[in-house]
Amino acid sequence: MKKIRFLLLLAVFCSLALPKAKVYSAAPSPYDLIAAVNNLRAGLGLSPLEIDGSLMAAAQNQSDYLGSNYGTNSPTWDQGHIGAGGTYARDRAVAAGYPLAAGMNVVENWAGGNNSTPLSDIIYSYWSDSTHMNTMTTADGVAVGAGITEGDGYVYYILDVAVKYGSGGSSGGGVPSTIPTTAVTAQVALVQVATPNADGKIIHTVKLGQALWSISAAYDIPVDQLIAMNGLSKNAVIFEGQELLIQAAYTPTPSPTATLTPRPPTRTPIPQQTAQPVATVQEQGKGNGDAKSILNMDRKTMGLALILICGIGLALMIIGTASKDKKPPKQDL
C-alpha cells in the first residue's frame, strides 16, 4: 500500500516537473479557405471558383516560404507577396505548371494570424478592403488555389485566383480537383442600415458576422472611405458592438440676411414749359412812349378844365358883386 502511494506521489511530482508542451488548436485546411470564398461568391450571385492543382501547389509553396522565413514575425504587405527568388504569384503559378494564356493573370491574397483566429475573420475582416475583396469576388475568376502553413501557433494563409479578363468566369483550363465534404463555410450576417440622427449623423453598430466590406456595401460607400472616417488600418478587424461612423453630421449653411433697401422717392413730373415771346427793347420803348403821351394829354385836359372852372367861378363872383351894387339902399322910417 505504501509502495502504491509512493509511486502515485512520484508520478504527480514528475508530471509537475516536466515542461509542458504548448497545445495549439488545429488550423483550417486550404480547402476550408476555398469553400469559405466560394460561399462568399454564392451570396453575391457569382459562380464558384474551380480548384486547380497547379495553383494549389503554388499557394502552398508561398505559405511555407512565409512560415519558414518570418515565423511569428509577420512580414509587411509587400513582403508577403514576394516568394523565393523574388517571385510573385504569376511567376509561381507558371512555375507550378498553370497554363496562363494571353489576357490572364494570377492575383493573390495573403494573411497571417494566430491559430485561434476564425477563418471568417480572415475573409470578412483581414480581407475586407476593396483590393482583397475584389480578388475573391471578381466575376472574371476562373480557378483558385490555397495554401495554409502553421508554426508555433501562427498561421499563414495564401489564396491565388486565376483571372481571365472579360471571360465572366468561364473556365480557363488547368488541373481540376474536388472540394472535400469536410470543408466548412463562413456565414455572412445581413446588415441593417441605421436611421440618421436629427443632425444627419449615421452611426452603425457592428453585429456578429458583419465585415467592413458588407457594411460599406449596405450603406453604398467605398470601403476605403469607411476605414478613413473611423481611423482604422487597412486590415483592421472589427468586433461585435463596435460603433462605426457612416456619415458625419451636416454642417448648417448660414442663411443670408435680407437687407431692406428703401425705395427712392417717386419724382413728381414737371410739366413741360412752353417758351413765351419776350418783347424786345424797341417794343418796350414804344409802349412806354404811348403811356407817356396819354399821361401828358390828360394833364393838358385837366389844366384846361381847371382854368375853365376857375374862369367860370370868377365870372360868377363878378356878376354877383355887380348885382349888389345896383340895388337902392334901404330908407329909415
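Helices (H or I, at least four residues) and strands (E, at least two) are DSSP runs, numbered from the N terminus. The model is predicted: local features need pLDDT of at least 70, side-chain atom pairs count only at pLDDT 80 or more, and totals for chains, interfaces and linings use all residues. Residues are numbered from 1 along each chain as its sequence is written, and side-chain values use heavy atoms, without hydrogens and water.

**Exercise 1. Place Thr-72 and list its contacts.**

Step 1. Thr-72 sits in the loop between H3 and helix H4 (89-95).

Step 2. Its relative accessible area is 44%, so Thr-72 is partly exposed. (Buried is under 20%, exposed over 50%, partly exposed in between, with a 1.4 Å probe and protein chains only.)

Step 3. Set aside neighbours within four places in sequence. Thr-72 then contacts Gly-151, Asp-152 and Tyr-154. Contact means heavy atoms within 4.5 Å.

Step 4. Thr-72 and Tyr-154 lie 82 residues apart along the chain, yet their C-alpha atoms are separated by 5.8 Å.

**Exercise 2. Work out the sheet order and its edges.**

Step 1. Four strands make an open sheet, ordered E1-E3-E4-E2, with mixed pairing. Two strands pair if DSSP finds at least two bridges between them.

Step 2. Strand E1 (50-51) and strand E2 (104-114) each have a single partner strand, so they stand at the edges and one side of each lacks a neighbour in the sheet.

Step 3. E2 runs antiparallel to strand E4 (residues 154-164), and 11 bridges join them. One bridge partner pair is Gly-112 with Tyr-156 in E4.

**Exercise 3. Describe how H2 meets H6.**

Step 1. The axes of H2 and H6 come within 9 Å and cross at roughly 90 degrees. Axes are lines fitted to C-alpha atoms, for helices over the stretch in contact; angles run from 0 to 180 degrees between N-to-C directions.

Step 2. The two helices H2 and H6 are therefore roughly perpendicular, a term for angles of 65 to 115 degrees.

Step 3. From H2, Val-37, Leu-40 and Arg-41 meet Met-133, Met-136 and Thr-137 of H6. By class, this contact of H2 with H6 has four nonpolar, one polar and one charged residues.

**Exercise 4. Determine the setting of Asp-129.**

Step 1. Asp-129 lies in the loop between helix H5 (119-126) and helix H6 (130-137).

Step 2. Asp-129 counts as buried because its relative accessibility is 0%.

Step 3. A polar atom of the Asp-129 side chain lies 3.2 Å from the backbone nitrogen of Thr-131.

Key. A polar contact is a pair of N or O atoms within 3.5 Å; within protein, one must be able to donate a hydrogen and the other to accept it, and residues adjacent in sequence count only if both atoms are side-chain atoms. Angles under 35 degrees count as roughly parallel, over 145 as roughly antiparallel, 65 to 115 as roughly perpendicular and the rest as oblique. Ala, Val, Leu, Ile, Met, Phe, Trp, Tyr, Cys and Pro count as nonpolar, Asp, Glu, Lys and Arg as charged, and the others, Gly among them, as polar.
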